[in-house]
Amino acid sequence: MKEGTLVHHPEWGIGLVLEKLWTDDVFPPGVLVLWNKPKTTNRGWLLSPTKIYEEELTIISEGE
(Lines give C-alpha, C1' and ligand atoms only; values in the text may rest on other atoms or scores of the structure.)
Protein backbone atom coordinates (compact mmCIF):
# COMPACT_ATOMS: atom_id res chain seq x y z
CA MET A 1 0.00 0.00 0.00
CA LYS A 2 1.46 3.36 -1.05
CA GLU A 3 1.57 6.64 0.85
CA GLY A 4 -1.36 8.89 -0.04
CA THR A 5 -3.82 5.99 -0.46
CA LEU A 6 -7.37 6.70 0.70
CA VAL A 7 -8.63 3.76 2.81
CA HIS A 8 -11.70 2.64 4.75
CA HIS A 9 -11.89 0.67 8.02
CA PRO A 10 -15.23 -0.76 9.27
CA GLU A 11 -14.80 0.69 12.79
CA TRP A 12 -12.63 3.79 12.23
CA GLY A 13 -14.06 5.10 8.93
CA ILE A 14 -12.07 6.82 6.17
CA GLY A 15 -8.40 7.72 6.42
CA LEU A 16 -5.24 8.56 4.50
CA VAL A 17 -2.10 6.40 4.58
CA LEU A 18 0.84 8.52 5.77
CA GLU A 19 3.63 5.91 5.63
CA LYS A 20 4.37 2.22 5.38
CA LEU A 21 5.68 0.99 8.74
CA TRP A 22 6.77 -2.62 8.85
CA THR A 23 6.97 -5.54 6.45
CA ASP A 24 8.40 -8.64 8.10
CA ASP A 25 7.56 -12.33 8.42
CA VAL A 26 6.26 -12.14 12.00
CA PHE A 27 3.45 -9.60 11.57
CA PRO A 28 1.25 -8.62 8.61
CA PRO A 29 2.28 -5.40 6.82
CA GLY A 30 1.35 -2.24 8.72
CA VAL A 31 0.76 1.41 7.88
CA LEU A 32 0.28 4.71 9.68
CA VAL A 33 -3.20 6.14 8.93
CA LEU A 34 -4.50 9.66 9.54
CA TRP A 35 -8.26 9.35 10.13
CA ASN A 36 -10.85 11.77 8.74
CA LYS A 37 -12.87 11.78 11.99
CA PRO A 38 -10.51 10.59 14.75
CA LYS A 39 -11.88 8.95 17.88
CA THR A 40 -11.09 10.23 21.35
CA THR A 41 -10.41 8.35 24.57
CA ASN A 42 -12.31 8.94 27.80
CA ARG A 43 -9.59 11.41 28.80
CA GLY A 44 -9.96 13.39 25.57
CA TRP A 45 -6.85 12.15 23.71
CA LEU A 46 -7.21 12.00 19.92
CA LEU A 47 -6.38 8.59 18.43
CA SER A 48 -5.03 9.81 15.12
CA PRO A 49 -2.74 8.94 13.41
CA THR A 50 -2.91 5.22 14.19
CA LYS A 51 -0.70 2.23 13.35
CA ILE A 52 -2.84 -0.50 11.77
CA TYR A 53 -2.47 -3.69 9.72
CA GLU A 54 -3.02 -3.34 5.96
CA GLU A 55 -5.29 -6.41 5.91
CA GLU A 56 -7.88 -4.55 8.03
CA LEU A 57 -8.23 -1.77 5.42
CA THR A 58 -10.14 -1.47 2.15
CA ILE A 59 -8.59 0.72 -0.53
CA ILE A 60 -10.90 3.49 -1.80
CA SER A 61 -8.39 5.15 -4.16
CA GLU A 62 -4.72 4.44 -4.77
CA GLY A 63 -2.13 7.21 -4.24
CA GLU A 64 0.28 8.22 -7.00
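K39 is partly exposed, with a relative accessibility of 32%. Please keep in mind that everything here comes from a predicted model. K39 makes a good starting place, as two kinds of interaction meet at this lysine. Its charged end sits over the ring of W12, 5.2 Å from the ring centre. K39 also forms a salt bridge with E11, and the closest N and O atoms of that pair are 3.3 Å apart. E11 belongs to the loop between β1 and β2, while K39 belongs to the loop between β3 and β4, so this salt bridge ties together parts that are 28 residues apart in sequence. E11 itself counts as exposed, at 53% relative accessibility.

**The other salt bridge**

The model has two salt bridges in total. Besides the one just described, E54 forms a salt bridge with K20, with 2.7 Å between the closest N and O atoms. This pair, too, links distant parts of the chain: E54 is in the loop between β4 and β5 (58-61), K20 is in strand β2, and 34 residues separate them. At 15% relative accessibility, E54 counts as buried. K20, its partner, is partly exposed at 38%.

**Two aromatic pairs**

Let us return to W12, the ring beneath the charged end of K39. The count of aromatic pairs in this model comes to two, and W12 takes part in one of them, with W35. Is that pair stacked or edge-to-face? The ring centres are 5.6 Å apart and the planes meet at 20°, under the 30 degrees that marks the limit for stacking, so the pair is stacked. W12 lies in the loop between β1 (6-9) and β2 (13-22), and W35 in strand β3 (residues 30-35), which places them 23 residues apart. Both W12 and W35 are buried.

The other pair brings together W22 and Y53, and its geometry is edge-to-face. W22 is in strand β2 and Y53 in strand β4 (residues 50-53), so to speak 31 residues apart along the chain. W22 is partly exposed, with a relative accessible area of 25%, and Y53 is also partly exposed, at 26%.

Here are the two pairs side by side:

| Aromatic pair | Distance between centres | Angle between planes |
|---|---|---|
| W12 and W35 | 5.6 Å | 20° |
| W22 and Y53 | 6.0 Å | 90° |

**Strand β4 and its two faces**

Y53 leads us to the rest of β4. Which side chains of this strand point to the buried face? They are T50 and I52, while K51 and Y53 point to the other face and are not buried. The strand runs antiparallel to β3, and four bridges join the two. Within this pairing, K51 in β4 is the bridge partner of L32.

T50 deserves a closer look. This threonine of strand β4 counts as buried, at 17% relative accessibility. A polar atom of its side chain lies 2.7 Å from the backbone oxygen of L47. Leaving aside residues up to four places away in sequence, T50 touches W12, V31, L32, V33 and W35. Among these contacts are W12 and W35, the two tryptophans of the stacked pair.

That brings the tour back to W12. This buried residue stacks with W35, is touched by T50 and has the charged end of K39 over its ring.

Notes
Residues are numbered from 1 along each chain as its sequence is written. This is a predicted model: local features need pLDDT of at least 70, side-chain atom pairs count only at pLDDT 80 or more; totals for chains, interfaces and linings use all residues. Side-chain values use heavy atoms; hydrogens and water are left out. Rings of Phe, Tyr and Trp (its six-membered ring) pair if their centres lie within 6.5 Å; planes under 30 degrees apart count as stacked, over 60 as edge-to-face and the rest as tilted. Buried means under 20% relative accessible area, exposed over 50%, partly exposed in between (1.4 Å probe, protein chains only). A charge sits over a ring if NZ of Lys or CZ of Arg is within 6 Å of the ring centre and within 35 degrees of the ring normal. A salt bridge is a side-chain nitrogen of Lys or Arg within 4 Å of a carboxyl oxygen of Asp or Glu. A polar contact is a pair of N or O atoms within 3.5 Å; within protein, one must be able to donate a hydrogen and the other to accept it, and residues adjacent in sequence count only if both atoms are side-chain atoms. Contact means heavy atoms within 4.5 Å. Two strands pair if DSSP finds at least two bridges between them.
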